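Good morning. Please have the sequence and the model open, and turn the view as I talk.

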Amino acid sequence: MEEIIKYFPQIDKNQQQQFAALYELYKDWNTKINVISRKDIDMLYLHHVLHSLSIAKAINFRPDTKILDLGTGGGFPGIPLAIMFPHAQFELIDGTGKKILVVQEVAKAIGLKNCNAEHIRGENEHSKYDFIVSRAVMPLPDLVKLIKKNISTQQHNSLPNGLLCLKGGNLSAELQPLKKIVEVTELTTYFEEEWFKNKYLIYLPL
């Protein structure tokens, strides 16, 4: 939790309580359904929550912004972002039903009202959103093809609608087809911890 308060001192008491509750909830659920690697659960706040919140350093979602978290897994980046932006609307989808069950139960336990989780594959999701967020679900060119149908033409935010994607490692091959329009930010721009080296936020207006 210290990392969250350090980088987001503006969060209110309710948000602090919601973030604080995540560790025990995920630790408990992880014993039944493996959504976070066993060795990683103790690093939940750094490797999963703060990582997800790097998107909140790049954009302040305005009220009623609609965001799709595609391939949410155990609820990242969607759940931390839904806590951070209580007046935006989040749809979290994944093709694995067991993972969506965990997301639904965690969201319910912390009283998230702006977050809906559904067991559905990306190709079968046809609603429109201002932004798509994801964490390393698939190669970027494939992801862009998949989500183009989901981007709304109505603009509500300081950034034009598009994709905000968290990725790591050498991205040169993936970025090659998109290089003229993509923006890449190393996460050490936002966070000083060593773990964020060679991890990136990709923004692609669509």
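I will go through two helix packings, then a few buried residues, and then some unusual backbone spots. Keep in mind that this is a predicted model.

Let me start with how the helices pack. Two packed helices are described by the angle between their axes and the distance between the axes. Take helix 2, residues 13-32, and helix 5, residues 97-109: their axes are 11 Å apart, and the angle is about 150°. Angles over 145 degrees count as roughly antiparallel, so helix 2 is roughly antiparallel to helix 5. The crossing of helix 2 with helix 5 is right-handed.

Which residues in helix 2 meet helix 5? From helix 2 they are Leu22, Leu25, Tyr26 and Trp29, and on the helix 5 side they are Leu101, Val102, Glu105, Val106 and Ala109. By type, this contact has eight nonpolar residues, no polar ones and one charged.

Now stay on helix 2 and look at helix 3. Here the axes of helix 2 and helix 3 come within 11 Å and cross at roughly 130°. That angle makes helix 2 oblique to helix 3. This crossing, too, is right-handed. Phe19, Ala20, Ala21, Leu22, Tyr23 and Tyr26 are the helix 2 residues here, and they meet Leu44, Tyr45, Val49 and Leu53 of helix 3. The count for this contact is ten nonpolar, no polar and no charged. Leu22 and Tyr26 appear on the list for helix 5 and again on the list for helix 3.

Next, the buried residues. Find Asn114, in the loop between helix 5 and strand 3. Is Asn114 buried or exposed? With a relative accessible area of 6%, Asn114 is buried. What does its side chain reach? One partner is the backbone oxygen of Ala82, at 3.1 Å. Another is the backbone oxygen of Phe85, which lies 2.9 Å from a polar atom of the Asn114 side chain. Not counting residues up to four places away in sequence, Asn114 touches Ala82, Phe85, Pro86, His87, Ala88, Gln89 and Phe90.

A second asparagine is Asn161, in the loop between helix 6 and strand 5. Asn161 has a relative accessible area of 1%, so it counts as buried. Its side chain reaches the backbone oxygen of Ser152 at 2.9 Å. Beyond its neighbours within four places in sequence, Asn161 has contacts that include Asp130, Phe131, Ile151 and Leu206.

Ile151 is in the loop between helix 6 and strand 5. Ile151 is buried, at 9% relative accessible area. Leaving aside neighbours within four places in sequence, its contacts include Lys128, Tyr129, Ile132 and Asn161. For a sense of the fold, the C-alpha atoms of Ile151 and His126 are 9.6 Å apart, while the two residues are 25 apart in sequence.

Glu91 is a charged residue, found in strand 2, residues 89-94. Its relative accessibility is 11%, so Glu91 counts as buried. Set aside the neighbours within four places in sequence, and Glu91 is in contact with Ile67, Leu68, Asp69, Asn116, Glu118, Glu125 and Tyr129. Between Glu91 and Thr72 there are 9.5 Å, C-alpha to C-alpha, and the pair is 19 residues apart in sequence.

Last topic: the backbone. Most residues other than glycine have a negative phi, and most peptide bonds are trans. Three places here are worth checking against that.

Where is Pro77? Look in the loop between strand 1 and helix 4. The peptide bond from Phe76 to Pro77 is cis, with omega near 10°.

Asp64 is in the loop between helix 3 and strand 1. Phi of Asp64 is positive, near 70°. Asp64 has a relative accessible area of 57%, so it is exposed.

Asn198 is in the loop between strand 6 and strand 7. Its phi is near 60°, again a positive value in a residue other than glycine. At 47% relative accessibility, Asn198 counts as partly exposed.

To recap the helices: helix 2 is roughly antiparallel to helix 5 and oblique to helix 3. For the backbone, remember the cis bond from Phe76 to Pro77, and the positive phi values of Asp64 and Asn198. That is the end of my part.

Key. Residues numbered from 1 in each chain as written. Predicted model: local features only at pLDDT ≥ 70, side-chain atom pairs only at ≥ 80, totals over all residues. Heavy atoms only, no water. Axes fitted to C-alpha atoms, helices over the stretch in contact; angles between N-to-C directions. Helix = DSSP H or I, 4+ residues; strand = E, 2+ residues; numbered from the N terminus. Parallel < 35°, antiparallel > 145°, perpendicular 65-115°, else oblique. Left-handed = near helix turned anticlockwise from the far one by under 90°. Contact = heavy atoms within 4.5 Å. Buried < 20%, exposed > 50% of the residue type's maximum accessible area, 1.4 Å probe, protein only. Polar contact = N/O pair within 3.5 Å; in protein donor to acceptor, adjacent residues only side chain to side chain.
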